[in-house]
Amino acid sequence: MILFATSDKGGTGRSVTSCNVALRCALQGHDVCYLDFDFGSPTAGAIFHVDSAARGITGGRGLHSYLEGSVSAPVELDLWRHIERAELRPPPAGAARLVLLPGDEGGGEFPIDDEMIDRCQRLLRRLAEEFELVIVDLSAGRSYALQLALEVTARPALRAVTTRWLVFHRWTRQHIIAAAGLAYGDHGIVATGVDKGHVRDQLDDSVRFVRTAVPAPESSQFAGLLPTQAAWLQETDAELQKLAARRRVGRSVLLGSVPLDPVLQWREQLILDSDVRTLQIANKETNAALDALAEDVLNDDSWEGL
Ligand SMILES: Nc1ncnc2c1ncn2[C@@H]1O[C@H](COP(=O)(O)OP(=O)(O)O)[C@@H](O)[C@H]1O
Ligand SMILES: [Mg+2]
């Protein structure tokens, strides 16, 4: 399966959540690769604790160079050899492959051409054969990366591969409206995809949403609130639920929801069991939500037509 991770805005939690999902799927025994298609800011390496690729890879061997045609294959980093977290070295028993294809350090956004589309399609087809899950983290908004993804997946060569779309958004008014617009609005995923040859209902059915950094008004995090504040939070949450339902980003298309976590608020990183149990810095609810998301991503039932 190829899973495109999208968001209308930057700073939604798309990358940090996707990296954590990638890790968890690999820990659950599924071969996973992660492509950093955030061309303007290829920093997935930083989230995966790979210092040598924190801003992309040097030497002109990353995804930018591959797509632009200057190398015949992009670098594939075996993350089990590169993640600088002692708890993951050696990788836990039962872990499957986990590979990062970083962008180029200093690489930027670029317009797409036919040759690039061919290269992208060849790469995705090969990776989809080799890995059970290919996560492609796309630049935010109606970007060239999104155009490229919609273009290649409409091509016959990729039609046999299952492709799915996740739209990440924060739990706020602006983000809900923006996420709905990216999925269903003018020049959004469905409209652009149909222009490029996708079947509307199929594409529409393959889109799900992930809410990130969601405050849980009833959690101990909010124990110190004034009664007026607690009541306001509850009311606002209820209003957001209604707005989401009206904009077609409600429960029926929700794949998962990750609570607001103090660790992620301060640092983009992998959340490991040790962060919850030993260091006791991350919340167990965050761990559980990320595990559930990883399971649901790979469970066909979560993607059944509505
Ligand atoms: N569940 C969460 N709780 C708190 N902060 C979060 C959560 N998810 C993401 N963040 C923070 O939000 C910021 C944006 O996340 P990032 O993954 O870089 O977003 P994007 O890829 O959409 O630009 C980061 O600082 C990240 O750590
Ligand atoms: Mg990102």
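These questions and answers look at one helix pair and two pockets in a predicted model.

Visitor: Why is helix 5 called roughly perpendicular to helix 6?
Guide: The axes of helix 5 (residues 114-130) and helix 6 (residues 144-154) cross at roughly 70 degrees. Angles of 65 to 115 count as roughly perpendicular. Therefore helix 5 is roughly perpendicular to helix 6. The crossing is right-handed.

Visitor: How do you know which residues of helix 5 and helix 6 meet?
Guide: Contact means heavy atoms within 4.5 Å. On the helix 5 side, these are Met116, Ile117, Cys120, Gln121 and Leu124. They meet Leu148, Glu151 and Val152 in helix 6. By class, this contact has six nonpolar, one polar and one charged residues.

Visitor: What makes a residue part of the lining of the largest pocket?
Guide: A lining residue has an atom within 4 Å of a pocket point. For the largest pocket, 27 residues pass that test. Gly11, Gly13, Arg14, Val16 and Glu268 lie nearest its centre. Helix 1 gives the largest share, four residues. The pocket holds about 530 Å³ of space.

Visitor: How do the residues lining the largest pocket divide by class?
Guide: Nine are nonpolar, 10 polar and eight charged. Gly counts as polar, so Gly11 and Gly13 belong with the polar residues.

Visitor: What lines the second largest pocket?
Guide: This pocket has about 370 Å³ of space. Its lining has 16 residues, with Thr163, His198, Gln202, Leu203 and Ser206 closest to the centre. Helix 10 gives the largest share, three residues. By class, the lining has six nonpolar, seven polar and three charged residues.

Terms used:
Residues are numbered from 1 along each chain as its sequence is written. Chains are lettered from A and ligands numbered from 1 in the order in which they are written. This is a predicted model: local features need pLDDT of at least 70, side-chain atom pairs count only at pLDDT 80 or more; totals for chains, interfaces and linings use all residues. Side-chain values use heavy atoms; hydrogens and water are left out. Axes are lines fitted to C-alpha atoms, for helices over the stretch in contact, and angles run from 0 to 180 degrees between N-to-C directions. Helices (H or I, at least four residues) and strands (E, at least two) are DSSP runs, numbered from the N terminus. Angles under 35 degrees count as roughly parallel, over 145 as roughly antiparallel, 65 to 115 as roughly perpendicular and the rest as oblique. A crossing is left-handed if the near helix is turned anticlockwise from the far one by less than a right angle, and right-handed if clockwise. On a 1 Å grid over the protein atoms alone, a cavity is a set of points where a 1.4 Å probe fits but cannot get out, and a pocket is an open set with protein on both sides within 12 Å along at least five of seven lines; lining residues have an atom within 4 Å of a point. Grid points are joined across faces, edges and corners, and a volume is the space filled by probe spheres set on the points.
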